[in-house]
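Student: Could you take a close look at one part of this model, the charged side chains and the contacts they make, and work through it with me in a connected way?

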Amino acid sequence: MPKIHEISIGRLYHYYPTTVAVITVKAKEKSTAMAAAWHSALSYDPPLYGVLVSPKRFSHNLILEAKEFAVNFLPFEKAEIIAQVGRNSTKEADKFQEFSIELEKPLAISAPILKDAYAAYECHLVDHRDYGDHTLFVGEIVMVHRLEEAFSPEGVPDLSRVRPAMYLGANLYVAPSREEPVRLVGTVHKEY
Ligand SMILES: Cc1cc2nc3c(=O)[nH]c(=O)nc-3n(C[C@H](O)[C@H](O)[C@H](O)COP(=O)(O)O)c2cc1C
(Lines give C-alpha, C1' and ligand atoms only; values in the text may rest on other atoms or scores of the structure.)
Protein backbone atom coordinates (compact mmCIF):
# COMPACT_ATOMS: atom_id res chain seq x y z
CA MET A 1 0.00 0.00 0.00
CA PRO A 2 1.49 3.41 -0.90
CA LYS A 3 2.07 5.98 1.86
CA ILE A 4 0.34 9.36 1.69
CA HIS A 5 2.54 12.44 2.08
CA GLU A 6 0.81 15.60 3.22
CA ILE A 7 1.68 19.01 4.69
CA SER A 8 -1.53 19.12 6.75
CA ILE A 9 -1.09 17.79 10.30
CA GLY A 10 -4.82 17.20 10.75
CA ARG A 11 -5.55 16.58 14.45
CA LEU A 12 -2.08 15.02 15.02
CA TYR A 13 -3.67 11.66 15.77
CA HIS A 14 -0.88 9.78 13.95
CA TYR A 15 1.06 8.81 17.09
CA TYR A 16 -1.99 7.72 19.11
CA PRO A 17 -3.11 5.73 21.08
CA THR A 18 -1.61 7.38 24.13
CA THR A 19 -2.51 7.49 27.80
CA VAL A 20 -4.58 10.53 28.73
CA ALA A 21 -3.79 12.28 31.98
CA VAL A 22 -6.34 14.17 34.04
CA ILE A 23 -4.73 17.37 35.28
CA THR A 24 -6.16 18.68 38.53
CA VAL A 25 -5.47 22.05 40.11
CA LYS A 26 -6.76 24.14 43.01
CA ALA A 27 -6.17 27.81 43.73
CA LYS A 28 -8.06 30.05 46.13
CA GLU A 29 -10.85 27.52 46.82
CA LYS A 30 -11.48 27.03 43.08
CA SER A 31 -10.54 23.65 41.67
CA THR A 32 -10.81 22.01 38.29
CA ALA A 33 -9.82 19.00 36.22
CA MET A 34 -9.08 18.68 32.50
CA ALA A 35 -8.02 15.88 30.18
CA ALA A 36 -4.56 16.11 28.62
CA ALA A 37 -3.35 13.73 25.94
CA TRP A 38 -0.26 15.91 25.55
CA HIS A 39 1.92 15.08 28.55
CA SER A 40 5.31 13.50 29.16
CA ALA A 41 7.98 12.64 31.69
CA LEU A 42 10.90 15.03 31.14
CA SER A 43 13.62 14.10 33.64
CA TYR A 44 14.41 11.53 36.36
CA ASP A 45 16.70 13.77 38.38
CA PRO A 46 15.15 16.09 39.26
CA PRO A 47 11.85 14.29 38.59
CA LEU A 48 10.11 16.54 36.06
CA TYR A 49 6.79 16.06 34.29
CA GLY A 50 5.44 18.24 31.48
CA VAL A 51 1.86 18.94 30.40
CA LEU A 52 0.74 21.04 27.47
CA VAL A 53 -2.27 23.22 28.14
CA SER A 54 -3.98 25.65 25.78
CA PRO A 55 -4.47 29.16 27.20
CA LYS A 56 -8.16 28.71 26.29
CA ARG A 57 -8.57 26.25 29.18
CA PHE A 58 -9.85 27.45 32.54
CA SER A 59 -7.14 25.26 34.05
CA HIS A 60 -4.41 27.32 32.37
CA ASN A 61 -4.71 30.39 34.57
CA LEU A 62 -5.47 28.30 37.62
CA ILE A 63 -2.13 26.45 37.22
CA LEU A 64 -0.33 29.79 36.89
CA GLU A 65 -2.10 31.00 40.03
CA ALA A 66 -1.62 27.82 42.09
CA LYS A 67 1.94 27.17 40.88
CA GLU A 68 1.22 23.47 41.25
CA PHE A 69 -0.86 20.75 39.62
CA ALA A 70 -1.50 17.02 39.81
CA VAL A 71 -1.37 14.47 37.01
CA ASN A 72 -3.84 11.57 37.41
CA PHE A 73 -3.97 8.32 35.44
CA LEU A 74 -7.27 6.48 35.16
CA PRO A 75 -8.13 2.92 34.16
CA PHE A 76 -10.13 2.26 30.99
CA GLU A 77 -13.25 1.49 33.08
CA LYS A 78 -13.20 5.15 34.19
CA ALA A 79 -12.59 6.67 30.74
CA GLU A 80 -16.00 8.36 30.98
CA ILE A 81 -14.48 10.72 33.57
CA ILE A 82 -11.77 11.68 31.06
CA ALA A 83 -14.42 12.41 28.44
CA GLN A 84 -16.46 14.46 30.94
CA VAL A 85 -13.58 16.62 32.17
CA GLY A 86 -12.16 16.84 28.65
CA ARG A 87 -15.34 18.02 26.96
CA ASN A 88 -16.69 20.42 29.57
CA SER A 89 -15.17 23.52 31.10
CA THR A 90 -15.20 24.76 34.68
CA LYS A 91 -16.12 28.10 33.05
CA GLU A 92 -19.66 26.59 32.85
CA ALA A 93 -19.96 24.48 36.01
CA ASP A 94 -18.06 22.65 38.75
CA LYS A 95 -17.13 19.38 37.04
CA PHE A 96 -16.41 17.52 40.28
CA GLN A 97 -19.99 18.12 41.43
CA GLU A 98 -21.68 17.80 38.05
CA PHE A 99 -20.10 14.41 37.32
CA SER A 100 -19.90 13.22 40.95
CA ILE A 101 -16.13 12.73 40.69
CA GLU A 102 -14.74 11.29 43.91
CA LEU A 103 -11.63 12.94 45.28
CA GLU A 104 -8.86 12.13 47.69
CA LYS A 105 -6.79 14.53 49.73
CA PRO A 106 -3.43 15.45 48.26
CA LEU A 107 -0.40 15.11 50.52
CA ALA A 108 2.02 17.82 49.39
CA ILE A 109 0.01 20.31 47.28
CA SER A 110 -3.59 21.59 47.14
CA ALA A 111 -4.78 20.01 43.87
CA PRO A 112 -7.23 17.15 44.53
CA ILE A 113 -6.33 13.58 43.55
CA LEU A 114 -8.93 11.48 41.74
CA LYS A 115 -10.04 8.50 43.84
CA ASP A 116 -10.25 6.34 40.71
CA ALA A 117 -6.66 7.10 39.64
CA TYR A 118 -4.35 4.07 39.77
CA ALA A 119 -1.41 6.51 39.80
CA ALA A 120 -0.98 10.25 40.30
CA TYR A 121 1.82 12.78 40.61
CA GLU A 122 1.69 15.90 42.76
CA CYS A 123 3.84 18.57 41.11
CA HIS A 124 5.23 21.97 41.98
CA LEU A 125 5.32 24.23 38.93
CA VAL A 126 8.98 24.97 38.18
CA ASP A 127 8.76 26.44 34.69
CA HIS A 128 6.35 27.30 31.90
CA ARG A 129 6.83 28.37 28.36
CA ASP A 130 4.54 28.97 25.41
CA TYR A 131 5.02 26.80 22.35
CA GLY A 132 2.70 27.97 19.59
CA ASP A 133 -0.88 27.62 20.77
CA HIS A 134 -0.06 25.63 23.96
CA THR A 135 1.89 26.30 27.15
CA LEU A 136 4.32 23.69 28.43
CA PHE A 137 3.93 23.53 32.20
CA VAL A 138 6.89 21.79 33.81
CA GLY A 139 6.26 20.33 37.24
CA GLU A 140 8.64 18.77 39.73
CA ILE A 141 7.08 15.60 41.11
CA VAL A 142 6.99 15.91 44.90
CA MET A 143 4.63 13.02 45.68
CA VAL A 144 3.63 9.83 43.85
CA HIS A 145 0.36 8.01 44.55
CA ARG A 146 0.05 4.49 43.18
CA LEU A 147 -2.30 1.59 43.68
CA GLU A 148 0.02 -1.11 44.95
CA GLU A 149 -1.74 -3.97 43.18
CA ALA A 150 -1.65 -2.15 39.82
CA PHE A 151 2.12 -2.51 39.48
CA SER A 152 4.40 -5.54 39.13
CA PRO A 153 7.38 -6.00 41.47
CA GLU A 154 9.47 -4.41 38.68
CA GLY A 155 7.28 -1.31 38.92
CA VAL A 156 5.58 -1.62 35.53
CA PRO A 157 1.78 -1.47 35.20
CA ASP A 158 0.39 -5.00 35.62
CA LEU A 159 -2.08 -5.19 32.74
CA SER A 160 -3.83 -8.17 34.31
CA ARG A 161 -4.88 -5.83 37.13
CA VAL A 162 -5.10 -2.37 35.55
CA ARG A 163 -5.67 -1.36 31.98
CA PRO A 164 -4.71 2.31 31.49
CA ALA A 165 -7.24 4.38 29.57
CA MET A 166 -5.77 5.29 26.20
CA TYR A 167 -7.00 7.83 23.67
CA LEU A 168 -7.17 7.08 19.95
CA GLY A 169 -8.53 10.45 18.80
CA ALA A 170 -12.03 11.48 17.70
CA ASN A 171 -13.52 10.68 21.15
CA LEU A 172 -12.44 7.02 20.88
CA TYR A 173 -10.88 5.29 23.90
CA VAL A 174 -9.13 1.93 24.03
CA ALA A 175 -7.57 -0.36 26.62
CA PRO A 176 -4.19 -2.03 26.10
CA SER A 177 -4.43 -5.68 25.14
CA ARG A 178 -4.07 -8.26 27.92
CA GLU A 179 -1.73 -10.34 25.76
CA GLU A 180 1.42 -11.39 27.59
CA PRO A 181 4.04 -8.61 27.17
CA VAL A 182 7.15 -9.54 25.21
CA ARG A 183 10.47 -8.77 26.91
CA LEU A 184 13.01 -7.55 24.35
CA VAL A 185 16.36 -6.52 25.77
CA GLY A 186 17.94 -5.31 22.56
CA THR A 187 21.32 -4.38 24.08
CA VAL A 188 24.27 -5.40 21.93
CA HIS A 189 27.20 -3.41 23.29
CA LYS A 190 26.67 -2.76 26.98
CA GLU A 191 24.14 -3.04 29.78
CA TYR A 192 22.19 0.04 30.78
C1 LIG B 1 -8.98 13.02 25.27
C2 LIG B 1 -8.74 14.49 25.42
C3 LIG B 1 -7.44 14.98 25.46
C4 LIG B 1 -7.20 16.35 25.63
N5 LIG B 1 -5.92 16.79 25.66
C6 LIG B 1 -5.67 18.13 25.87
C7 LIG B 1 -4.33 18.59 26.02
O8 LIG B 1 -3.36 17.84 25.98
N9 LIG B 1 -4.16 19.92 26.22
C10 LIG B 1 -5.20 20.81 26.29
O11 LIG B 1 -4.98 22.02 26.46
N12 LIG B 1 -6.48 20.37 26.18
C13 LIG B 1 -6.74 19.06 26.00
N14 LIG B 1 -8.02 18.60 25.93
C15 LIG B 1 -9.14 19.55 26.10
C16 LIG B 1 -9.42 19.94 27.56
O17 LIG B 1 -9.38 18.82 28.43
C18 LIG B 1 -10.82 20.59 27.60
O19 LIG B 1 -10.83 21.75 26.81
C20 LIG B 1 -11.33 20.87 29.01
O21 LIG B 1 -12.71 21.09 28.91
C22 LIG B 1 -10.67 22.07 29.67
O23 LIG B 1 -11.28 22.26 30.89
P24 LIG B 1 -11.17 23.63 31.71
O25 LIG B 1 -11.62 24.74 30.77
O26 LIG B 1 -12.11 23.44 32.87
O27 LIG B 1 -9.76 23.78 32.11
C28 LIG B 1 -8.29 17.25 25.75
C29 LIG B 1 -9.60 16.77 25.71
C30 LIG B 1 -9.83 15.39 25.55
C31 LIG B 1 -11.24 14.86 25.53
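**A salt bridge and its surroundings**

Tutor: K78 and D116 form a salt bridge, with their closest N and O atoms 3.9 Å apart; the term stands for a side-chain nitrogen of Lys or Arg within 4 Å of a carboxyl oxygen of Asp or Glu. Because K78 sits in the loop between β6 (68-73) and α2, and D116 in the loop between β8 (113-114) and β9, the pair ties together parts that are 38 residues apart in sequence. Helices (H or I, at least four residues) and strands (E, at least two) are DSSP runs numbered from the N terminus. This is a predicted model, in which local features need pLDDT of at least 70 and side-chain atom pairs count only at pLDDT 80 or more, while totals for chains, interfaces and linings use all residues. Residues are numbered from 1 along each chain as its sequence is written, and side-chain values use heavy atoms, with hydrogens and water left out.

K78 is partly exposed, with a relative accessible area of 32%, and D116 is partly exposed too, at 24%; here buried means under 20% relative accessible area, exposed over 50%, and partly exposed in between (1.4 Å probe, protein chains only).

The whole structure holds six salt bridges, and among them is the one between the side chains of E29 and K26, at 3.8 Å from N to O. In that pair E29 counts as exposed at 70% relative accessibility, whereas K26 is partly exposed at 28%. Another joins the side chains of D158 and R161 at 3.5 Å, N to O, and R161 is exposed, with a relative accessible area of 53%.

Charge also appears in a positive surface patch, formed by R11, K56, R57, R87 and K91. Such patches are made of residues with over 30% relative accessible area and no salt bridge, like charges being joined within 9 Å and nonpolar side chains (Val, Leu, Ile, Met, Phe, Trp, Tyr) within 5 Å. Within the patch, K56 lies in the loop between β5 (48-53) and α1 (58-66), and K56 counts as exposed at 66% relative accessibility.

For an uncharged counterpart, consider T90, in the loop between α2 (79-86) and α3 (95-98). T90 counts as buried, at 7% relative accessibility, and its side chain makes a polar contact with the side chain of T32 at 2.4 Å. A polar contact is a pair of N or O atoms within 3.5 Å; within protein, one must be able to donate a hydrogen and the other to accept it, and residues adjacent in sequence count only if both atoms are side-chain atoms.

Technical notes
Areas by Shrake-Rupley, 256 points an atom, 1.4 Å probe, with all protein chains shown as cover. Lys, Arg positive; Asp, Glu negative; His and termini not counted. Charge placed at Lys NZ, Arg CZ, Asp CG, Glu CD.
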